[in-house]
Amino acid sequence: MRAAVLQLSAQGMSSTKLYNYIRIASKQGVKVLLLGEYILNPFFKELQTLSATMIKEHSEHQIKVLRELSETYGITIIAPIIIVKRGKTYKSIAKFAPYSTSYYQQQLLINYPHWNEEKFFANEQKAIESPLIFNIDGFKFGVMSGFELHFDIIFKDLTSKNIDCILLPSVSTFDSFERWKALILSRAFTHNCYILRANRIGEYSEDGFTWHFYGDSLLASPNGELLEHLGNKEELMIVDMQHSEVLKARKFWGFKEIIHKRSSL
């Protein structure tokens, strides 16, 4: 399975870079392309200053663009997007396939005093459900937000779904570089699946303080190894993943088999 991460900063209403990079990815045989968080929309802190009408107009423009790109180039695009319904905003991840569009509404949102998405967005608080899952050419993907990777409960249903790769858009900043890398590699190892992470780049300044989004988009192997990673610049990373490597890792480590033996007790 050939996939790609497009590591960008927030794009505003411009579509030029999306067109250019997706055309390149298509020529390289990419089947799935992943974008980081707050690339199609302004960063969360900026959203707080905008009206729901402005956010909706922005999102609808980007949705139209990505639907057209997916259909034109035959690529499935996974992209975080803010959805506005009846004046309320919802943090979501869209799956743009050549002939269909579906959405995953983020279930667990960050709620710290300096960054409280849980309070701002109208995402429904309910029992945790399975993240978005889809299959391309026999290769199974799961989709969740970067913040959701912290929570064991989000993996409850995924464990039985035999996911080959988790697609992980994120918006990591501050001094979290090494912590995020350790978390991703650990999750990839304990669940014996690939994790493809797209983190945005760029900056946001507020009250004299600058938030640096450092990139470091990466691919982790089913054995918890770092296979590929980017720096802190605008880049397109194309990766190849094999279902056979997932099966090999699961057989070698036997984590699922140990649990399966106890499932009927």
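These are my notebook entries on aromatic rings and pockets in a predicted model.

**Entry 1: aromatic pairs**

I searched the whole structure for paired aromatic rings and got 22 pairs. I took Phe189 and Phe255 as the pair to look at in detail. Their ring centres are 5.5 Å apart and their planes stand at 80 degrees, so I logged the pair as edge-to-face. Planes have to be over 60 degrees apart for that label.

I then looked up where the two residues sit in the chain. Phe189 belongs to helix 5, which covers residues 177–190, and Phe255 to helix 7, which covers residues 255–261. The two are 66 residues apart, so I noted a pair that links distant parts of the chain.

**Entry 2: accessibility around Phe255**

Are these rings buried or exposed? Neither word fits: Phe189 has 25% relative accessibility and counts as partly exposed, and Phe255 has 29% and is also placed in the partly exposed class. The class runs between the cut-offs of 20% and 50%.

Phe255 has another aromatic partner, Trp253. I read 6.1 Å from centre to centre and 25 degrees between the planes, and this pair is stacked. Trp253, at 35% relative accessibility, counts as partly exposed.

**Entry 3: a cluster, and a charge over a ring**

I found one aromatic cluster formed by Tyr38, Phe43, Trp115, Phe174, Tyr204, Phe209, Trp211 and Phe213. I also checked for charges placed over rings. The charged end of Lys95 sits over the ring of Phe134, at 5.2 Å from the ring centre.

**Entry 4: the largest pocket**

I put the volume of the largest pocket down as about 410 Å³. It is lined by 21 residues, and those closest to its centre are Ile110, Trp115, Phe147, His150 and Trp180. Trp115 is thus on my list for this pocket as well as on the one for the aromatic cluster.

Which element gives the largest share of the lining? I found helix 5, with 3 residues. Sorted by class, the lining has 9 nonpolar, 8 polar and 4 charged residues.

**Entry 5: the second largest pocket**

The second largest pocket holds about 300 Å³ of space. Of its 16 lining residues, Leu158, Thr159, Ser160, Lys256 and Ile259 are the closest to the centre. Here helix 7 supplies the largest share of the lining, 4 residues. Helix 7 is also the helix of Phe255 from my opening entry. By class I wrote down 7 nonpolar, 7 polar and 2 charged residues for this lining.

Note on methods
Residues are numbered from 1 along each chain as its sequence is written. This is a predicted model: local features need pLDDT of at least 70, side-chain atom pairs count only at pLDDT 80 or more; totals for chains, interfaces and linings use all residues. Side-chain values use heavy atoms; hydrogens and water are left out. Rings of Phe, Tyr and Trp (its six-membered ring) pair if their centres lie within 6.5 Å; planes under 30 degrees apart count as stacked, over 60 as edge-to-face and the rest as tilted. Buried means under 20% relative accessible area, exposed over 50%, partly exposed in between (1.4 Å probe, protein chains only). A charge sits over a ring if NZ of Lys or CZ of Arg is within 6 Å of the ring centre and within 35 degrees of the ring normal. On a 1 Å grid over the protein atoms alone, a cavity is a set of points where a 1.4 Å probe fits but cannot get out, and a pocket is an open set with protein on both sides within 12 Å along at least five of seven lines; lining residues have an atom within 4 Å of a point. Grid points are joined across faces, edges and corners, and a volume is the space filled by probe spheres set on the points. Ala, Val, Leu, Ile, Met, Phe, Trp, Tyr, Cys and Pro count as nonpolar, Asp, Glu, Lys and Arg as charged, and the others, Gly among them, as polar.
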